[in-house]
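The following exercises concern helix packing, a chain interface and nonpolar cores. Please work through each task before reading its solution.

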Amino acid sequence: MKSGTIRGLGVSPGSAKAPLARLAPPVATASTDPTTEAPEAALGRIEWALGAVAAEMAERADRAGGVAAEILSTTSAMAADPSLLEAAGRQLRAGSPTGHAVTLAVAEFCAMLEAHGGYLAERVTDLRDIGARAVALLAGVPMPGIPAPGHPIVLTARDLSPADTATLPGSDVVALLTEEGGPTSHTAILAKSLGLPAVVGCPAAAELPDGVLVSVDGSTGEVRVGPDAMGGDRTGSTSRAPASSAVPAGPGRTRDAQPVALLSNVGTVADAHAAAATDSEGVGLFRTEFLFLGRRSQPTIDEQTEVYTDVLTAFRGRPVVVRTLDAGSDKPLPFLPLGQEENPALGVRGLRTATRYPEALADQLTSVAKAARSAGRSVRVMAPMVATAEEAERFVGTAREHGLDDVGVMIEVPAAALRAGELLDVVDFVSIGTNDLGQYTMAADRAAGALGHLLDPWQPALLDLVALVGAAGRARGKPVGVCGEAASDPLLAAVLVGLGATSLSMAPVSRPAVLAELRGLSAEDCAVIADAARSATGAQQARIRAREAREQRWSVPA
Amino acid sequence: MPSRTVTIASRVGLHARPAATFSRAAAATGLAVTLSVADSAPVNASSILAVMSLGVGFGQAVTLNAEGEGADEALDTLAALLATEQDGQ
């Protein structure tokens, strides 16, 4: 394919245009390759090759830092694993040629990891990468990896291993395009943390010739190829690029000065300090799970108070919304046993755990109130997994008894969205968790990769529910926030504002692109774009219609 | 043979990073330490791939075995490691 438009899943916002370059392919091995050395000599060379790969991964881990460093040092440990060498030795003795013995040894462990599914199965990519690197070393050919032509490239591959993605910073790569992968793949997570536009799950990328000009839109998942990439350049597309280009700053608002607070989602104290150092207007979602998960006993009030005080102090008066513990049988805590459940996502989780363990919630609310006093700041609290106005009212009552006066609930259950007015009558604010609201609306498990299309936040049914909540908020003059992934997609952020969201909370890396988008649109523009999206019958059509409406209206912010 | 049975405290189970930490510590003992879960065959605890291949989850009980001088001490250290959350996230 030399021109036209192909589509995948947009997983990291921003757009970029550059010639396509393919990841150097691994060397294929076969049992029929010539055998040129004795098994003992071959084993010695394999030991050397695996050792070299382990050393390289360890060195990259040192350079990379953060998430990538952890993944890489684990990969290094796998390469240095004596069991892998033993398995290769068995293959050699059974008559395999040198390189192929490595391939077979790797395949043996891949099969075992794949059998467990989930997280372990995802490590298979790392393990295959170790094999490919060792085989390249043994064959004396260039390491598979990222080309470095000295000019910007859009990197394409079947999928990227952590080793590949870890070397992206400082490389020539300006966007990623992969044939496989989903919204939670390494590629998606690391691209996002680097602010690189990325489209994954795009099988048609396999047909693209090297060097062809492509324009990748990491928000819509659209990839324009050849002349279409030239002609398809959109007004303002460069200003939607992430942090690497001109970074807009200041508070979130529309072109006609309607404020839309652009807040941060934070999950740890380190996150909070990083977010507090940016323009972020506060914390829209402070996940407190990190304090609880993996503990044998419940954290004490003093311990919790210290952490909450630290976060409130870091944000120096900017609003902070603390979400009470969101645990359940899928995230079990030894001190809050909930038993085995057939369907943990539909079981006792979020606020529902408080009916079983009221003390845990009481301690948390006590700690939040103490933290607010000791930091001399106001604080907001909200509860997850609320289904009815009665539950909301009970939570508000408990929170107020603890001296907390700005109390809200999350809207994640369709029932809560449908009757949002009743909930808003008893709370001070609501915050929509689009990820869970999506999974419950579409009856599609968030962990089920094959259902990714149903979990697309552009599903019109999900937008309808958001619209109901937005309208209920407007009618009562109460704030409606959105704190799911949806808020980090600039175009979808405009739709959410059009549907009535008064604040959006996202990973800080997404903020500049969302800010630039909103500054170029009036509140009325957002409403028109939202209507266009909701007039669609599917997620992809909703995206396209919203984009068309947006192109008529967006203009470079004054 | 000295043996310890311990419950996995890492929320993500004995996967990737916690497995790396554990197998490194097992290798550092210099002893032949094995790890088994339920009725599975014991595997080499120094091998991250073998440890990961057991697919041990949070809250599951595993058994450690070792022989030789210092085996008891080594097993105590390794058991304590498994009984501690290894994933800081």
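**Exercise 1: a helix pair late in chain A**

α19(A) crosses α20(A) in a right-handed manner, where right-handed means that the near helix is turned clockwise from the far one by less than a right angle, and left-handed anticlockwise. This is a predicted model, in which local features need pLDDT of at least 70 and side-chain atom pairs pLDDT 80 or more, while totals for chains, interfaces and linings use all residues. Residues are numbered from 1 along each chain as its sequence is written, with chains lettered from A and ligands numbered from 1 in the order in which they are written.

Task: Determine at what angle the axes of α19(A) and α20(A) cross.

Solution.
1. Helices are DSSP runs (H or I, at least four residues), numbered from the N terminus; here they are α19 (residues 490–498) and α20 (residues 511–519) of chain A.
2. Their axes come within 8 Å and cross at roughly 55°; axes are lines fitted to C-alpha atoms over the stretch in contact, with angles from 0 to 180 degrees between N-to-C directions.
3. The pair is therefore oblique, the class left after under 35 degrees (roughly parallel), over 145 (roughly antiparallel) and 65 to 115 (roughly perpendicular).
4. A:Pro490, A:Leu491, A:Ala493, A:Ala494 and A:Val497 of α19(A) meet A:Ala513, A:Val514, A:Glu517 and A:Leu518 of α20(A), contact being C-beta atoms, placed from the backbone, within 7 Å.

**Exercise 2: α1(A) and α4(A)**

Task: Identify which residues of α1(A) and α4(A) meet.

Solution.
1. Helices α1 (residues 39–64) and α4 (residues 98–116) of chain A pack at about 60°, with axes 10 Å apart.
2. α1(A) and α4(A) are therefore oblique to each other, and their crossing is right-handed.
3. A:Ala42, A:Arg45 and A:Ile46 of α1(A) meet A:Thr98, A:Ala101 and A:Val102 of α4(A).

**Exercise 3: the two chains**

Task: State how many residues of chain B are in contact with chain A.

Solution.
1. The count is 23 residues of chain B, against 20 residues of chain A.
2. In chain B, α1 (16–28) and α2 (48–53) each supply at least two residues of the side that touches chain A.

**Exercise 4: contacts of A:Leu496**

Task: List the contacts of A:Leu496, leaving aside neighbours within four places in sequence.

Solution.
1. The partners are A:Val466, A:Val482, A:Ala486, A:Ala487, A:Ala501 and A:Leu504.

Conventions. Contact = placed C-beta atoms within 7 Å.
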